[in-house]
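Work through the exercises below with the sequence and the 3D structure open. Each task is followed by a solution in steps.

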Amino acid sequence: MGILNATPDSFSDGGRFNSVDRALAAAEAMLEAGADLLDIGGESTRPGATPVSQDEELARVIPVIEALAARFDCPLSVDTSTPSVMTRAVEAGACLINDVRALTRPGAIEAAAASGASVCVMHMRGEPGDMATRTDYRDLVAEVIDYLAARLRLLREAGIPAERLLVDPGFGFAKTHEQNLELLRRLGELSRLDAPVLVGMSRKRMIGEATGQPVDRRAVGSAAAALLAAERGAAVLRVHDVEATRDALAVWAAMNSA
Ligand code: 9MG
């Protein structure tokens, strides 16, 4: 899953991709590099990022999804927590709703269920602005699994079929560096949820802390983390650096088939 930010304040692309033409060019490059799916978001989840209004989010995301759907035959995902954006994005061509707030906003479950799209629910505590202070867990992995299991139950009860649901443990969301590493080490335990696991560690602080590299030099560390996640059963890898990730996975696949 290639990350396509339609946000002027995105921490890792510097806002270079906030026009439709630039989004198309970035999408083409990611697809050539081997992306199977593109995730388009109009609001940064980085702590301290400026919140955007619903109208602004729609204006950023919908033209990009429409243009991508017209140009490429590639599944599209919308990264949003806003019900109206979910509805409009699916009408425009998205087939997956990627919600870091796990459909907790009022009306989100109804919008997602009515859209017919698949849904990825992520574990987080609080909001990006306060999540750094909410890292006290008794058993991190057990609590992440319990939270995701409860969301899956609720969404199935709301009429979203199990085969349309994905889960994400939320690397970097209300987790310390050590907790992120524990989550990665124990990622295989999420198989208990019986849903495909999506992970996003690309260029995040946990990669910076492990490698000592600034955000624009984290491609190798991010690819290593993606490979470790894939080995532990992750089905979808949300990444900025598609080529580096594909190469890391190709080495693993070659070893497995030798
Ligand atoms: C939007 N976004 C930022 N980080 C993410 C992550 O780790 N997972 C998912 N599903 N979305 C994310």
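**Exercise 1. Pairing around strand 3**

Find the residue of strand 4 that stands opposite Asp79, then work outward to the strands on either side.

Step 1. In this predicted model, the residue opposite Asp79 is Asn98 in strand 4. Strand 3, residues 76-79, pairs with strand 4 in the parallel sense, over three bridges.

Step 2. Asp79 of strand 3 also has Gly41 opposite. The pairing between strand 2 and strand 3 is parallel and has four bridges.

Step 3. Strand 4 (residues 96-99) pairs in turn with strand 5 (residues 118-122), in the parallel sense and over four bridges. Here Leu96 stands opposite Ser118 in strand 5.

**Exercise 2. The whole sheet**

State the order of the six strands in the open sheet, and explain why one side of strand 1 and of strand 6 has no neighbour in the sheet.

Step 1. The order is 1-2-3-4-5-6, with parallel pairing in an open sheet.

Step 2. Strand 1 (2-5) and strand 6 (165-168) are at the edges and have a single partner strand each, so one side of each lacks a neighbour in the sheet.

Step 3. From one strand to the next, the twist averages 25 degrees.

Step 4. Helix 1, residues 20-32, lies across strand 1 and strand 2 (38-41). Helix 1 runs at about 175 degrees to strand 1.

**Exercise 3. Faces of strands 3 and 4**

Decide which residues cover the two faces of strand 3 and of strand 4.

Step 1. Begin with a general rule: side chains in a regular strand alternate between the two faces of the sheet.

Step 2. In strand 3, Leu76 and Val78 are on one side, and Ser77 and Asp79 on the other; all are buried.

Step 3. In strand 4, Leu96 and Asn98 are on one side, with Ile97 and Asp99 on the other, and all are buried.

**Exercise 4. Contacts of Ser118**

List the residues in contact with Ser118, leaving aside its neighbours within four places in sequence.

Step 1. Ser118 lies in strand 5.

Step 2. The contacts are Cys95, Leu96, Ile97, Arg164 and Leu166.

Step 3. Take Arg164 from this list. Ser118 and Arg164 are 46 residues apart in sequence, yet 4.3 Å apart in space, C-alpha to C-alpha.

**Exercise 5. The ligand**

Identify side chains with an N or O atom close to a nitrogen atom of the ligand, using a cut-off of 3.5 Å.

Step 1. Residues surrounding the ligand include Thr45, Asp79, Asn98, Met122, Asp168, Phe173, Lys204 and Arg238.

Step 2. From a nitrogen atom of the ligand to an N or O atom of the side chain, the distance is 2.7 Å for Asn98, 2.6 Å for Asp168 and 3.4 Å for Arg238.

**Exercise 6. Helix 8**

Check the span of helix 8 against its number of residues, and find what its buried residues pack against.

Step 1. Helix 8 (residues 219-231) has 13 residues, which at 1.5 Å a residue should span 18 Å; the end C-alpha atoms are 18 Å apart, so the two agree.

Step 2. Its buried residues are Gly221, Ser222, Ala223, Ala225, Ala226, Ala229 and Ala230.

Step 3. These pack against helix 6 (177-185), strand 7 (198-199), helix 7 (205-211), strand 8 (236-237) and helix 9 (242-257).

Step 4. After helix 8 comes Gly233, with a positive phi near 105 degrees.

Definitions and conventions: Residues numbered from 1 in each chain as written. Predicted model: local features only at pLDDT ≥ 70, side-chain atom pairs only at ≥ 80, totals over all residues. Heavy atoms only, no water. Pairing = 2+ DSSP bridges. Axes fitted to C-alpha atoms, helices over the stretch in contact; angles between N-to-C directions. Contact = heavy atoms within 4.5 Å. Expected span 1.5 Å × (residues − 1). Buried < 20%, exposed > 50% of the residue type's maximum accessible area, 1.4 Å probe, protein only. Near = heavy atom within 4 Å. Polar contact = N/O pair within 3.5 Å; in protein donor to acceptor, adjacent residues only side chain to side chain.
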